[in-house]
Amino acid sequence: MTVELLAQWMKQSKTTVVLTGAGMSTESGIPDFRSQSGWWQNIDPRTVTTTDSLLKNYAMFREFYQMRIQALKKCAPHKGHHILADLEKRGLISLIATQNVDQLHQQAGSKKVAELHGNILTARCQKCNKPHAKEQFLNNAICTYCLGKLRPNVVLFGETLPMEAWNRSLNEIQNADLVIVIGTSLEVYPVNQLPQMAKGRLVYINLDQSSDSGQFDLVLEGTAGEILAELDEALEGYSKG
Ligand code: APR
């Protein structure tokens with residue numbers, strides 16, 4: 001079971017959806033969450049990623065997200081992101097549904113992206129929801145309208161996912177011939193339910209096996225960058241009109 005088989009399935013597939021997680025961005029220098037080098041090795045997620053932490057522990061909450069936004073400034077999409085953007089242009093990918101908040105897919109040129117966990121590069125007021133610039137959040141500003149606390153537009157644990165992104169991802173995954181899951185441990189609900197909603201073939205590209213690997217028709221262990229490069233080679237420039 002190889003990348004060549006995946007290339008064959010992509011050529012046969014009318015609709016292919018890609019679901020990505022933090023493992024898609026580690027080769028760009030952004031840690032994931034649950035690996036040995038992940039954020040949650042040193043930080044208890046409950047102290048920085050819940051609405052409770054925002055309301056009761058704002059200084060720590062803000063510092064964590066400011067640090068992540070600052071770190072992102074030094075990061076750029078890697079070859080894997082660019083290959084996915086190119087495959088979209090060649091009509092081989094109809095949607096990237098991502099848990100990532102770093103917008104690296106869009107920076108690489110992907111146009112059809114559903115941000116299931118929001119994005120870290122825009123901000124709003126926690127109280128009145130009015131949009132604010134990322135810089136205002138970085139500069140410890142408060143809401144210019146209601147003096148409320150500012151926060152990035154990421155989905156915190158306990159919050160619902162953006163409805164448009166969820167419905168679009170669910171709908172496209174349910175109707176896809178092929179779903180490729182890349183760089184996620186599939187530990188976080190409700191996104192970890194999406195692969196089970198797929199009627200088509202299911203493929204998993206990840207550094208290590210997840211507890212749910214059994215549900216996949218094909219598992220390719222390795223880095224996203226390397227395997228997508230092999231896939232691109234196996235596709236030999238194939239594109240859909
Ligand atoms: N290529 C392929 N897989 C990789 C790579 C890589 N270069 N680097 C890491 N991985 C794999 C890891 O082995 C791990 O299985 O990616 C997976 C990342 O899993 P998590 O760290 O759990 O990240 P993710 O699944 O995206 O987390 C989901 O949890 O903390 C919340 O909101 C946060 O969106 C995030 C959600």
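This report describes the fold, the strand pairing, selected residues and the ligand site of a predicted model.

Residues are numbered from 1 along each chain as its sequence is written, and side-chain values use heavy atoms, with hydrogens and water left out. In this predicted model, local features need pLDDT of at least 70 and side-chain atom pairs count only at pLDDT 80 or more, while totals for chains, interfaces and linings use all residues.

**Overall fold**

The chain has nine helices and nine strands; these are DSSP runs numbered from the N terminus, helices being H or I with at least four residues and strands E with at least two. Its radius of gyration is 18 Å, close to the 18 Å that the globule rule gives for 241 residues, so the chain is as compact as a globular protein of that length. The radius is taken over C-alpha atoms, and the rule is 2.2 Å times the number of residues to the power 0.38. The C-alpha trace spans about 55 × 35 × 30 Å along its principal axes. Of the 241 residues, 51% are buried, where buried means under 20% relative accessible area, exposed over 50%, and partly exposed in between (1.4 Å probe, protein chains only).

**Strand pairing**

Strands of a sheet pair through backbone hydrogen bonds, either parallel or antiparallel. Here two strands count as paired if DSSP finds at least two bridges between them. Strand E1 (residues 16-20) runs parallel to E2, with four bridges joining them, and Val17 stands opposite Leu95 in E2. Strand E2 is also joined in parallel to strand E3 (residues 113-115) by three bridges; the bridge partner of Thr98 in E3 is Glu115. Strand E2 (residues 95-98) is covered on both faces, with Leu95 and Ala97 buried on one side and Ile96 and Thr98 buried on the other.

A three-stranded open sheet has the order E5-E4-E6 with antiparallel pairing. Its edge strands, E5 (131-132) and E6 (150-154), each pair on one side only. Strand E4 (residues 118-125) pairs with E5 over two bridges in the antiparallel sense, and Ala123 has His132 in E5 as its bridge partner.

**Selected buried residues**

Val181 is found in strand E7 (residues 178-182) and is buried, with a relative accessible area of 0%. The C-alpha atoms of Val181 and Ser35 are separated by 17 Å, and the two residues are 146 residues apart along the chain. Gln66, in helix H3 (residues 58-72), is buried with a relative accessible area of 14%. The side chains of Gln66 and Asn140 are joined by a polar contact of 2.6 Å.

**Ligand site**

There are 23 residues around the ligand, of which Ala22, Phe33, Arg34, Thr184 and Ser185 come nearest; a residue is near a molecule or strand if one of its heavy atoms lies within 4 Å of it. By class, this shell has seven nonpolar, 12 polar and four charged residues. Ala, Val, Leu, Ile, Met, Phe, Trp, Tyr, Cys and Pro count as nonpolar, Asp, Glu, Lys and Arg as charged, and the others, Gly among them, as polar.

Polar contacts of the ligand are tabulated below.

| Ligand atom | Protein partner | Distance |
|---|---|---|
| Nitrogen | N or O atom in the side chain of Glu27 | 2.8 Å |
| Oxygen | Polar backbone atom of Gln99 | 3.3 Å |
| Nitrogen | Polar backbone atom of Ala224 | 2.8 Å |

The protein covers 93% of the 740 Å² of accessible area that the ligand has on its own. Accessible areas come from the Shrake-Rupley method with a 1.4 Å probe; for residues, only the protein chains shown count as cover. A polar contact is a pair of N or O atoms within 3.5 Å; within protein, one must be able to donate a hydrogen and the other to accept it, and residues adjacent in sequence count only if both atoms are side-chain atoms.
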